[in-house]
Amino acid sequence: MSILKRLLILLPLMVFGLVLQAQQLTISGKVTDASGETLPGVSIQVKGTQMGTVTDVTGKYTLQAGSDAVLIFSFIGMKSQEVALAGRTTLNVRLEPLATQLDEVVVVGYGSTKKMDLTGSVTTIKSDKIANQSVANIGQALQGKVAGVQVTQSGAPGSSPIIRIRGLGTVNSSADPLYVVDGVLTNDISFLSPTDIESTTILKDASASAIYGIRASNGVIIINTRRSKSTEPTMTYQGYVGFQNTVNQLQLANNSQYIELVNQKNQLQADAQGNTYDPLNPADFPVNTNWYDEIMRSGAFTQNHDIGFSGGSGKSLYYFGVGYYQQEGLLNNQDYQRLNLRSTLDMQTKEYLKIGYSATLSGFKTTDAPSAFYQAYTTPPVFAPKQNDTTFTDPTPLGLGNFPNPAATMYYYNSNSNGLRLVGNVYAEINFLKHFQFRSSYGTDLGYARNRSYSPYYQVSPTQTDTSRTLSRAWTYNYKGVWDNTLTFENTFGDHRVKAMAGMAAQEERGLGLNGSNNGVMDYGDQSLYLGLGGEDGKSVGDWGYKKTALSYFGRVNYSFRDRYLFTGTLRYDGSSVFPVNDRWDLFPSVGLGWIITGEKFMANQKIFDFLKLRASWGVNGNNNIPANVYKLTIAQGGELSTAFGQGGNVVIAEGANITSAVPPTLKWEKLNEIDIAIEGMSFNNKLSYEVDFYSRTTKDAIFPLTLSATAGTSGSYLTNNADIRNTGVEFTLGWTDSIGQLAYSLNLNYALNHNEVVALAPGTIGIYGGNLPVGGFFSTYTELGEPIGYYYGRNVIGIFQTQEEVENYVNSQGEMLQPAAKPGDFKYEDVDGNGVIDNKDRVNMGSAIPTSSLGFSASLAYKGFDFSFDLYARWGNKIYNAKRAQRLGNENYDLDFYENHWTGAGSTNENPSADLTGDNMLPNTWYIEDGSFLKVRSIQLGYSLPASLTNKIGMNRMRFYVNAANPFTLFGYNGFTPEIASSSATSQGIDLNVYPMSATYTFGVNVTL
């Protein structure tokens, strides 16, 4: 046996002998909290051994330990302490509160609470978790950060993402969450600079969001902006500059490949008709133009600068900030700019009275661009953008069809928009009788926007021409106001903690719009672009307006017994003007229960859980975000009514009127019923955190359009309550925070699974068609009982016809051809119902655009002055309808993937069609459906903070430099720019016809605090 092995065997024996030699003492003492109160159930362990005990009901303990032992004192909600005995036999210890996630104060509707006391599904994202990301909107930064919150981004500059919380539960009402910014209710946060945000809280379940009643069925996102916390004067600067490039640019067929495909298509059509075809000579088309390159730019510039001043004097605290953001678009000449002014003031004017305000004034300006991506995809690559410096090329003489010149489309497009928005809140708080607080606040969201579009005189081709010199102007005004009043009582009675709140809210929302146009307006610069400077014959004008009001009464009770048993009850009574008089009021209750299991005596000696809570909740929310006055009958004046009386035939002519809309006989609230059950906890000295949520949320009486019959006196449909929609799912969150020496690190993972289904339809209700495609007018989606909202609906492709013989042999039981118009290379469709005829009854569910799963992962490290962060986001279980491939009238171009894989003759492929995608090949079918899964690197950031010894010498508190890459890589298999297809329409999701590409953004930034 080697010497090393002998030493390894003897080493434990030697250590054991040293332990036995240590003097054993009887140790006793008492453990208290910071206020001197004794703590029962404190765990006391001899470090390095399994020996230990717990304190009794008086906080006292006794145990045996060696004279040189170290004792570890630990208790839920307290900082663990390690104390060396050093020969002492009496040891009293005072434990300090542990500032963990459990102690964080979480903002909830009309108040706040500790995270430990929550009984609903609530997630808070602090500003440092999303800091310095190069995004225009805080919604973009939330992608992948919260389980169950699906964020679909658009690459357009200044655009807002589509956010869905726990699935899609409505068809015709808005599915967007409610935003509450410093107490102001709003539908859009594009005005807000992400650097102005202190925290973002997401109320996901009905129990947590029920306090907002009629606005909360799609979830609530509460945003608190930065305010001063100290009277010390402080100035901060946060800024970055960078550039954007297109990622995953779709590759198109080049000139020779295009001509080859056109020849194949035309030859197939000629053979089917018994004609001859003289193929095009590729040598006659030497020009090769990539139209994406012609309409897009690389290195689009972006920048952001925010300066903030905070401080105070006496009992007043102030904050004032200025911010500027600019983002150039990927399309040529496209640009978005935003300027923000922000101010807050909080004054403790009396011991019992506090008043203050917050206000954000935001102005934006955009240079717009046309949606030219589909045009660039379809236009043949065989002609140059220009004949010379002043003349755009007319592609018509090439004989390929009437195609636009995308470069000319971009050049002649002249549209810009600008607007101003004020979002603010004033409040007063009165504290009285020790335990009461009355708060009154008024918030407003006031904005206007205007647009000017001008089409100059131009003639590029017979179909790309405009000689009318049309000028259009549009102006909109919006106002939202809400007056909130709440009375809060909070007190502790022995083992009982109670916090009760009652309140009322009055809301009003108005909108006005005016638009006009005129022809014959000459362009001598901006000073000449006015409607009054045009002709007299082309003038037109229109306007619109709406008004909504709501009145609400609400209350909430939070109760805790021994900090173990939790109860939250909420009740809200809402009335809204958008519904008929007899259906305007309804009640929205919720209940939440929580049990802190680790507070029980039987958990005192276990070492696995530092904190463990079981919670369950049920609640009902409403959705009044539907068009105003949908129950009002509208009538158009005009026309004449002629009636003949008597034998003389006297005719009376009177002015007539026509009914232009139908109204529902009744219209009730959409109501969301949700059940949520969750377990959450912390382990390993609070380093590991975890949470699992199970939910089932059902939208009752969802508003569907009901199609009218031809005898109804008017066309179209009206809205009515006739469906139930259910989303069920699981959410999982896991986090680990620790340090190794001077290296601090954090890992976070979240996963969400969701199933969407229409679970009930009123008797006689037919499904809803959607996803109307412009070429052919085909409907590509359908919504019906037992299926997801807006699933893709079309023919099932079972192969490709290889020969004419195969076409002729594809027959029914009577020997009749099932696809008599087909030819080799065409899609072979399944006779699903087996009736011997292939028609619309053979359409099938081709998949859904709604993802079933999403995952987010983030990691951060800090070592001395360096910091590094990394974010991933993945989504799967959804499909995309590649409509740009299907929308064809003639000789449109193809993408490179199609060229490399298309059918070229018998036996070449049984999966992909020939170059002829016209006729029945354009019908919505399974070949156009592609996998929408993707994995994206959302952000990579590396920063360095100068040491304090250096910043203090130059008069700064802090200076940090960083570089950031946003969306640098996305892995996916879809044949398009991006698998993120943003659409606000529930029945037209995931249809790629003109999608704006995503960009990778690279920035360099600086953060300074003075």
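This section describes the overall architecture of a predicted model and then the surroundings of selected residues.

The chain contains 11 helices and 50 strands. Its radius of gyration is 34 Å, which agrees with the value near 30 Å that a compact globule of 1010 residues would have. Along the principal axes, the C-alpha atoms occupy a box of roughly 115 × 95 × 70 Å. Buried residues make up 49% of the 1010 residues of the chain. When contacts between residues at least 6 apart in sequence are considered, 69% of them join residues at least 24 apart.

The surface of the chain was also characterised. The exposed area amounts to about 45,200 Å², and 57% of it is supplied by carbon and sulfur atoms. Charged side chains comprise 75 positive and 88 negative groups. The centres of these two sets are located 13 Å apart.

Helix H4 was examined individually. It covers residues 255-273, and its 19 residues should span 27 Å at 1.5 Å a residue; the end C-alpha atoms are 27 Å apart, in agreement with this expectation. The buried residues of H4 include the polar or charged Asn255, Gln257, Asn263, Lys265 and Asn266. Also buried in H4 are Tyr258, Ile259, Leu261, Val262, Leu268 and Ala270. Helix H10 (896-901) is included in what covers the buried residues of H4. In an α-helix, residues three or four places apart point the same way, because there are 3.6 residues a turn. After H4 comes Gly274, which has a positive phi near 75°.

Positive phi values were also found in residues other than glycine. One of these is Asn333, with phi near 70°. Asn333 is placed in the loop that links strand S19 (316-328) to strand S20 (335-347). Its relative accessible area of 57% is over the 50% cut-off, so Asn333 is exposed. Arg562 likewise has a positive phi, near 55°. This arginine belongs to the loop between strand S28 (540-561) and strand S29 (565-576). With a relative accessible area of 43%, Arg562 is classed as partly exposed, because the class lies between 20% and 50%.

Two further loop positions were considered. Gly87 is situated between strand S6 (81-84) and strand S7 (93-94), in the connecting loop. A relative accessibility of 41% makes Gly87 partly exposed. Beyond the residues up to four places away in sequence, Gly87 touches Leu25 and Ser67. The C-alpha atoms of Gly87 and Gly66 are 8.1 Å apart in space, with 21 residues separating the two in sequence. Gln814 occupies the loop between helix H8 (804-809) and strand S42 (827-829). Its relative accessibility is 60%, and Gln814 therefore counts as exposed. A C-alpha separation of 8.0 Å is found between Gln814 and Gly836, which are 22 residues apart along the chain.

Strand positions were examined in the same manner. Ala449 forms part of strand S23, which comprises residues 436-455. At 23% relative accessibility, Ala449 counts as partly exposed, since buried residues are those under 20%. Leaving aside residues up to four places away in sequence, Ala449 touches Phe364, Asn418, Gly419, Ala474, Trp475 and Thr476. Ala449 and Gly213, 236 residues apart in sequence, have C-alpha atoms 30 Å apart in space.

Asp693 is located in strand S35, residues 688-707. Its relative accessibility is 2%, so Asp693 counts as buried. With residues up to four places away in sequence not counted, the residues that Asp693 touches include Arg166 and Arg615, together with Asp676 and Glu731. Ser121, Ile677, Ala678, Gly729 and Val730 are also touched by Asp693. The C-alpha atoms of Asp693 and Ala965 are separated by 32 Å, and the two residues are 272 apart along the chain.

How values were computed:
Residues numbered from 1 in each chain as written. Predicted model: local features only at pLDDT ≥ 70, side-chain atom pairs only at ≥ 80, totals over all residues. Heavy atoms only, no water. Helix = DSSP H or I, 4+ residues; strand = E, 2+ residues; numbered from the N terminus. Rg over C-alpha atoms; globule rule 2.2 N^0.38 Å. Buried < 20%, exposed > 50% of the residue type's maximum accessible area, 1.4 Å probe, protein only. Contact = heavy atoms within 4.5 Å. Areas by Shrake-Rupley, 256 points an atom, 1.4 Å probe, with all protein chains shown as cover. Lys, Arg positive; Asp, Glu negative; His and termini not counted. Charge placed at Lys NZ, Arg CZ, Asp CG, Glu CD. Expected span 1.5 Å × (residues − 1).
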